[in-house]
Number of protein chains: 2
Amino acid sequence: MPSYFRVLSLLEEENAEVVSSQELGKRLQMTPAQIRKDLSYFGKFGKQGKGYNVSKLLGELRQILGLDREWSVALIGVGRLGRALLDYGELTPRGFKIAAAFDIDPQQIGKKVGGVVIQDVAELANTVKNRGIDIGIVTAPPSQAQQVIDCLVECGIKAILSYAPLTARVPKDVRLREIDPVLALQAMTYHLKCLGSS
Amino acid sequence: MPSYFRVLSLLEEENAEVVSSQELGKRLQMTPAQIRKDLSYFGKFGKQGKGYNVSKLLGELRQILGLDREWSVALIGVGRLGRALLDYGELTPRGFKIAAAFDIDPQQIGKKVGGVVIQDVAELANTVKNRGIDIGIVTAPPSQAQQVIDCLVECGIKAILSYAPLTARVPKDVRLREIDPVLALQAMTYHLKCLGSS
DNA sequence: GTGTGTGAATGTTTTCACAGCG
DNA sequence: CGCTGTGAAAACATTCACACAC
């Protein structure tokens with residue numbers, strides 16, 4: 001559903017007034033029926049014979065997805081990957097502000113990366129409360145990832161994005177998403193392998 | 001399914017001989033029945049009363065997923081994100097070698113990052129053929145991503161991992177996976193928003 | 001007893017097809 | 001007419017429950 005939002009943002013930049021489920025389908029590589037079903041789940045946003053008003057639908061989705069506010073994010077683990085995310089320009093303009101960064105390495109603590117001063121992980125609990133952190137991003141090494149995630153959960157964080165290449169255990173009221181590029185690559189090799197037998 | 005492989009690798013490091021679907025279920029946050037179904041789709045790998053032999057199952061999965069060989073990857077777009085991936089230590093040990101890197105910026109071309117010399121995108125087609133590239137990773141800016149992807153498709157690449165925040169169009173015989181951290185975050189805010197009404 | 005492999009039952013998602021509105 | 005919204009149908013996925021192997 002967020003990808004609907006993304007493509008509509010693009011359409012707005014292209015000054016499109018209106019869009020049909022067919023056009024959306026083409027852009028998102030899905031069937032028009034799928035898109036109509038998905039959207040109708042939340043309400044009736046379209047006009048028969050016309051399609052969907054881009055900016056109106058964008059507004060509706062913004063509210064539905066909870067993107068009508070800015071979310072505060074804490075990043076734990078300022079290695080190469082963490083740094084890349086701190087420098088990544090797409091987060092802030094799309095509604096996610098990295099409000100704090102943490103590491104365990106004393107050498108790193110106090111340094112400033114991407115406009116944020118790196119704090120000691122010991123201060124995590126405090127900062128989460130004081131700064132009203134909503135979401136945690138875990139870029140700590142695998143050996144410490146589960147520990148960090150447990151800590152975030154204890155702090156009351158309900159949404160975690162993990163870059164650690166392992167399946168972490170969390171209570172079921174906590175949303176956990178994992179990003180592991182290797183997993184994505186491996187999902188494709190299965191199909192590559194069967195290429196001769198077509 | 002690749003996550004099965006990942007957790008089994010971990011179990012092997014822990015010197016586990018044998019594992020039950022229940023234990024796997026706990027580690028992967030799924031039901032034992034699910035795991036048995038998935039595995040039985042490819043064959044009968046378990047022993048009743050015992051469970052699955054870790055190293056044997058690992059071997060089977062390696063073959064099934066096509067991980068019994070090394071895959072050559074080309075990375076296009078050596079910005080911050082591309083660099084982070086070139087330096088990312090998990091790719092090579094898990095079977096993916098970045099065999100070539102490309103950029104459009106003349107300032108970058110010829111420089112060496114993470115053991116790979118950056119080449120001009122113009123040489124992409126040639127290199128893909130000569131070096132037997134199997135997979136493309138796109139870390140180019142959004143404005144150029146579709147163009148780069150089209151080029152990879154023309155070169156005969158059948159698997160692409162894109163970090164560009166847009167849904168690219170590819171022929172249906174080409175596997176495309178997208179990684180967009182913002183999309184992952186937005187998928188969670190929907191649930192965060194409804195937190196008061198539980 | 002313990003834990004797999006599997007048909008049968010259940011639940012969920014995707015597709016179809018069409019009434020009805022602009 | 002064109003395109004949405006939506007029940008009904010089809011496809012797909014998950015869970016159950018139990019026979020059977022160790």
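Which elements each supply at least two residues of the surface near DNA strand C? I looked this up first and found α3 (32–42) of chain A, with α3 (32–42) and β3 (51–53) of chain B. I take helices (H or I, at least four residues) and strands (E, at least two) as DSSP runs, numbered from the N terminus.

Before going on, I note that this is a predicted model, in which local features need pLDDT of at least 70 and side-chain atom pairs count only at pLDDT 80 or more, while totals for chains, interfaces and linings use all residues. Residues are numbered from 1 along each chain as its sequence is written, chains are lettered from A and ligands numbered from 1 in the order in which they are written, and side-chain values use heavy atoms, with hydrogens and water left out.

**DNA strand C**

I listed 18 residues around DNA strand C, and S21(B), R36(B), Q48(B), G49(B) and Y52(B) come nearest. A residue is near a strand if one of its heavy atoms lies within 4 Å of it. Of the strand C atoms that come within 4 Å of the protein, 57% are accounted for by sugar and phosphate.

I then went through polar contacts (a pair of N or O atoms within 3.5 Å). The side chain of S21(B) places an N or O atom 2.6 Å from a phosphate oxygen of DNA strand C. For R36(B), a side-chain N or O atom is 2.9 Å from a base nitrogen of DNA strand C. From the other chain, K37(A) has a polar side-chain atom 2.9 Å from a base oxygen of this strand.

By class, I find two nonpolar, 10 polar and six charged residues on the surface near DNA strand C. Here Ala, Val, Leu, Ile, Met, Phe, Trp, Tyr, Cys and Pro count as nonpolar, Asp, Glu, Lys and Arg as charged, and the others, Gly among them, as polar.

**DNA strand D**

Around DNA strand D I find 19 residues, the closest being S21(A), R36(A), G46(A), Y52(A) and K37(B). Sugar or phosphate holds 61% of the strand D atoms within 4 Å of the protein, and bases hold the rest.

K44(A) has a side-chain N or O atom 3.1 Å from a phosphate oxygen of DNA strand D. A polar backbone atom of G49(A) is 3.0 Å from a sugar or linking oxygen of DNA strand D. K37(B) brings a polar side-chain atom to 2.8 Å from a base oxygen of DNA strand D. Two or more residues of the surface near DNA strand D come from each of α3, β2 (46–47) and β3 (51–53) of chain A and α3 of chain B. I classed this surface as two nonpolar, 10 polar and seven charged residues.

**Rings and a glutamine**

I searched the whole structure for aromatic pairs (ring centres of Phe, Tyr and Trp, its six-membered ring, within 6.5 Å; planes under 30 degrees apart stacked, over 60 edge-to-face, the rest tilted). The search gives four over all chains. Y41(A) and F42(A) are edge-to-face, at 4.9 Å centre to centre and 85° between the planes. One aromatic cluster is formed by Y41(A), F42(A) and Y190(B).

Is Q186(B), in helix α8 (residues 181–193) of chain B, buried or exposed? Its relative accessibility is 2%, so Q186(B) counts as buried (under 20% relative accessible area; exposed is over 50%, partly exposed in between; 1.4 Å probe, protein chains only). Beyond four places in sequence, Q186(B) is in contact with residues including P2(A), F5(A) and R94(A), where contact means heavy atoms within 4.5 Å.

Note on methods. A polar contact is a pair of N or O atoms within 3.5 Å; within protein, one must be able to donate a hydrogen and the other to accept it, and residues adjacent in sequence count only if both atoms are side-chain atoms.
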